[in-house]
Amino acid sequence: MEWILHWADICQPQDIHIMDGSQEEDQMLKDMMVHQGVLTPLPKYQNCYLARTDPKDVARTESRTVISTKNKIDTHPVTDTYSGKLGHWISPEDLESKVQSLFPGCMAGRTMYVIPFSMGPIGSHLSRIGIEITDSAYVSVCMRIMTRIGQQVLNVLGHGSFIRGVHSVGAPLKPGEHSAIWPCNPEKVLIAHKPETNEILSFGSGYGGNSLLGKKCLALRLGSSMARKEGWLAEHMLVSGITMPNGKKQYITAAFPSACGKTNLAMLQPRLPGYKVTVVGDDIAWLRPDSEGQLRAINPENGFFGVAPGTNYTSNPYAMASIFKIQFTVMLL
């Protein structure tokens with residue numbers, strides 16, 4: 001609670017709401033956003049809404065995505081013959097300066113939502129618990145879809161350590177001022193990671209992995225740092241189970257870049273008689289050897305992450321079937 005009040009003092013929100021993860025809370029937030037024009041219900045689908053984003057608020061903001069470590073080489077490996085191309089390093093001092101220029105008063109006129117979440121099944125020793133602070137109701141309902149959130153997470157956490165995430169759309173409101181339909185501050189976007197203290201700081205964007213801090217920020221970026229220290233792997237991989245005609249089941253993982261077919265492969269429906277495929281995850285895998293040396297994997301997310309453009313009945317009929325209110329059998333021709 002001390003950490004929450006610390007950031008409330010900096011960000012100056014109008015209210016604080018601690019998420020309990022209930023269905024009633026979820027519907028209340030969705031109804032509020034429908035009333036505000038942020039969400040538009042899509043009646044042909046079950047519990048489905050359209051959110052129109054600001055065209056300037058985009059997912060791939062690599063130049064604004066930074067990692068802060070005491071030693072630059074821990075983030076940006078450079079030798080006499082090689083200069084790393086992945087990751088943008090920022091010194092802790094420069095990051096603190098940016099935070100002090102961006103976050104004070106950034107939630108004025110808005111509600112601060114406090115989201116306790118678990119990446120992976122609640123209580124599993126393979127899972128990690130985080131708390132995200134955000135001033136976006138949209139982020140709050142999306143985190144409920146993408147992760148396990150609410151009181152159960154706090155019960156498991158107790159007085160243990162957790163990953164700290166702070167997010168703001170960067171659009172404070174003056175008294176009496178109405179919010180934009182999609183508030184953001186694209187000129188000042190910053191997505192920062194502090195692996196040495198397990199902290200994430202995100203400002204200016206309400207879009208996807210920029211604001212849902214359990215996904216890329218925790219599950220892959222901080223996850224890879226934690227995994228290196230603890231002897232496991234955090235990878236951009238699908239996880240599928242394959243049952244052969246003799247009944248033996250084995251699991252595979254596969255790593256592709258974004259939008260290259262992980263979801264479609266994860267939901268593969270075999271044409272060979274007697275084979276069955278089940279999907280564990282389609283985007284991120286956490287892998288760890290067990291006490292006997294057997295490699296185990298979980299999907300840290302609570303479900304699937306599919307890139308919608310290009311998904312159709314030919315490329316992924318089961319993904320299409322899953323979005324409709326009426327259930328039906330998909331025929332493979």
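The paragraphs below go through a three-stranded sheet, a pocket and the aromatic pairs of this structure, which is a predicted model.

The sheet is open and has 3 strands in the order S13-S12-S14, paired antiparallel. Strand S13 (249–255) and strand S14 (276–281) are its edge strands, each of them pairing on one side only. On average, and with direction ignored, neighbouring strands of this sheet are turned by 25° against each other.

Strand S12 covers residues 237–243, and in the strand order S12 stands between S13 and S14. Towards S13, the pairing of S12 is antiparallel and runs over 7 bridges. One place to see this pairing is Gly-241, whose bridge partner in S13 is Tyr-251. S12 and S13 form a hairpin, with 5 residues between the two strands. Gly-247 sits in the turn of this hairpin and has a positive phi of about 90°.

Towards S14, 5 bridges join S12 to its antiparallel neighbour. Ile-242 has Val-277 as its bridge partner in S14, and Thr-243 stands opposite Lys-276 in that strand. How far is S12 enclosed by the rest of the structure? Of the 7 residues of S12, 6 are buried, so the strand is largely enclosed.

The next feature is a pocket. The second largest pocket holds about 530 Å³ of space. It is lined by 24 residues, and Gln-36, Val-38, Arg-110, Asp-135 and Ser-179 are the closest to its centre. Sorted by class, the lining of this pocket consists of 12 nonpolar, 8 polar and 4 charged residues. Three elements each supply at least two residues of the lining: helix H2 (23–36), strand S5 (111–119) and helix H4 (137–146). The largest share, 3 residues, comes from H2.

The aromatic side chains come last. A pair of aromatic rings is described by the distance of the centres and the angle of the planes. The whole structure contains 5 aromatic pairs. In one of them, the ring centres of Trp-3 and Phe-162 are 5.7 Å apart and the planes stand at 70°, so this pair is edge-to-face. Trp-3 belongs to helix H1 (residues 2–11), whereas Phe-162 lies in the loop between helix H5 (151–157) and strand S8 (163–168); the pair therefore ties together parts that are 159 residues apart in sequence. Are Trp-3 and Phe-162 buried or exposed? Trp-3 has a relative accessibility of 13% and counts as buried. Phe-162 is buried as well, because its relative accessible area is 14% and buried means under 20%.

Another pair brings together Tyr-138 and Trp-182, with ring centres 4.9 Å apart and planes at 70°, so it too is edge-to-face. Tyr-138 lies in helix H4 and Trp-182 in the loop between S8 and strand S9 (190–194), so here the parts tied together are 44 residues apart in sequence. Tyr-138, at 22% relative accessibility, counts as partly exposed, while Trp-182, at 9%, counts as buried. Helix H4, which holds Tyr-138, is also one of the elements that supply at least two residues of the pocket lining described above.

Elsewhere, Trp-7, Phe-103 and Phe-203 form one aromatic cluster.

Key:
Residues numbered from 1 in each chain as written. Predicted model: local features only at pLDDT ≥ 70, side-chain atom pairs only at ≥ 80, totals over all residues. Heavy atoms only, no water. Pairing = 2+ DSSP bridges. Helix = DSSP H or I, 4+ residues; strand = E, 2+ residues; numbered from the N terminus. Axes fitted to C-alpha atoms, helices over the stretch in contact; angles between N-to-C directions. 1 Å grid on protein atoms, 1.4 Å probe; cavity = no way out; pocket = protein on both sides within 12 Å on 5 of 7 lines; lining within 4 Å. Points joined across faces, edges and corners; volume = space filled by probe spheres on them. Nonpolar A, V, L, I, M, F, W, Y, C, P; charged D, E, K, R; others polar. Phe/Tyr/Trp six-rings, centres within 6.5 Å; stacked < 30°, edge-to-face > 60°. Buried < 20%, exposed > 50% of the residue type's maximum accessible area, 1.4 Å probe, protein only.
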